[in-house]
Amino acid sequence: MKPQWLSPIPLIHTISLNPQIVITLDDIQFQDMDDSITTSKRGLPTNGASVPSYAQFIFPPFSPEYLRSVIQHDNQYVLHSLDANFTLTRLEVDDQLYRSLNTEYFDYTDLWYGCIRTYGQKNWDSQPTQNEIYWYNAVEQGEVALDAWI
């Protein structure tokens with residue numbers, strides 16, 4: 001099966017204390033080539049695409065062109081550090097980013113994939129932020145807690 005998005009581009013909301021971080025206001029779902037479906041729950045705090053500031057005029061962090069793929073990838077990196085049942089390797093997560101970017105017909109998929117594979121280990125190894133922990137706890141507690149977090 002061909003990978004595909006099962007949800008539209010999500011709405012996002014800037015966190016007032018840090019305008020470089022947004023939270024997603026909608027769930028997003030990606031169906032991969034093995035028919036598995038990955039869901040990123042709303043409320044995920046993200047800095048969008050981790051693009052150096054000098055290149056953000058070309059690749060803005062929250063461009064709708066690749067926003068779903070970036071959120072999905074950030075979601076997987078966060079779950080890797082917080083969810084004991086998360087079993088994907090970094091390579092599998094990064095490969096999913098590659099496939100999801102291709103479904104967006106993003107012209108720079110190969111470049112981004114090379115950068116992620118070269119420079120992403122630091123983010124994979126990093127500790128979750130306090131906002132990511134709050135979000136994860138809200139997801140674990142259910143919809144009411146998630147609505148309160150948002």
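## Strand pairing, a helix and exposed loop residues

T14 has V22 in β3 as its bridge partner. This is a predicted model, in which local features need pLDDT of at least 70 and side-chain atom pairs count only at pLDDT 80 or more, while totals for chains, interfaces and linings use all residues. Residues are numbered from 1 along each chain as its sequence is written, and side-chain values use heavy atoms, with hydrogens and water left out.

**Strands.** β2 and strand β3 (residues 18-24) are paired in the antiparallel sense over four bridges. Strands are DSSP runs of E with at least two residues, helices are runs of H or I with at least four, and both are numbered from the N terminus. Two strands count as paired if DSSP finds at least two bridges between them. β2 and β3 form a hairpin, with two residues between them. β3 also pairs with strand β6 (residues 45-46), in the antiparallel sense and over two bridges. Here V22 has T46 in β6 as its bridge partner. In a regular strand the side chains alternate between the two faces of the sheet.

**Helix α1.** Helix α1 covers residues 67-82, which is 16 residues. From its first C-alpha to its last it reaches 22 Å, close to the 22 Å expected at 1.5 Å a residue. The expected span is 1.5 Å times one less than the number of residues. Of the 16 residues of α1, 13 are buried, and the helix is mostly covered. Buried means under 20% relative accessible area, exposed over 50%, and partly exposed in between (1.4 Å probe, protein chains only).

**Loop residues.** D35 has a positive phi of about 75 degrees although it is not a glycine. Y105, also not a glycine, has a positive phi of about 55 degrees. The table gives the place and relative accessible area of these residues and of L11.

| Residue | Loop between | Relative accessible area |
|---|---|---|
| L11 | β1 (4-5) and β2 (12-15) | 57%, exposed |
| D35 | β4 (28-31) and β5 (37-40) | 43%, partly exposed |
| Y105 | α2 (90-103) and α3 (109-119) | 62%, exposed |

**Surface patch.** L11, L25 and I150 make a nonpolar surface patch of about 240 Å². Patches are made of residues with over 30% relative accessible area and no salt bridge, with nonpolar side chains (Val, Leu, Ile, Met, Phe, Trp, Tyr) joined within 5 Å and like charges within 9 Å. A salt bridge is a side-chain nitrogen of Lys or Arg within 4 Å of a carboxyl oxygen of Asp or Glu. L11 counts as exposed because its relative accessibility is 57%.

Definitions and conventions. Accessible areas come from the Shrake-Rupley method with a 1.4 Å probe; for residues, only the protein chains shown count as cover.
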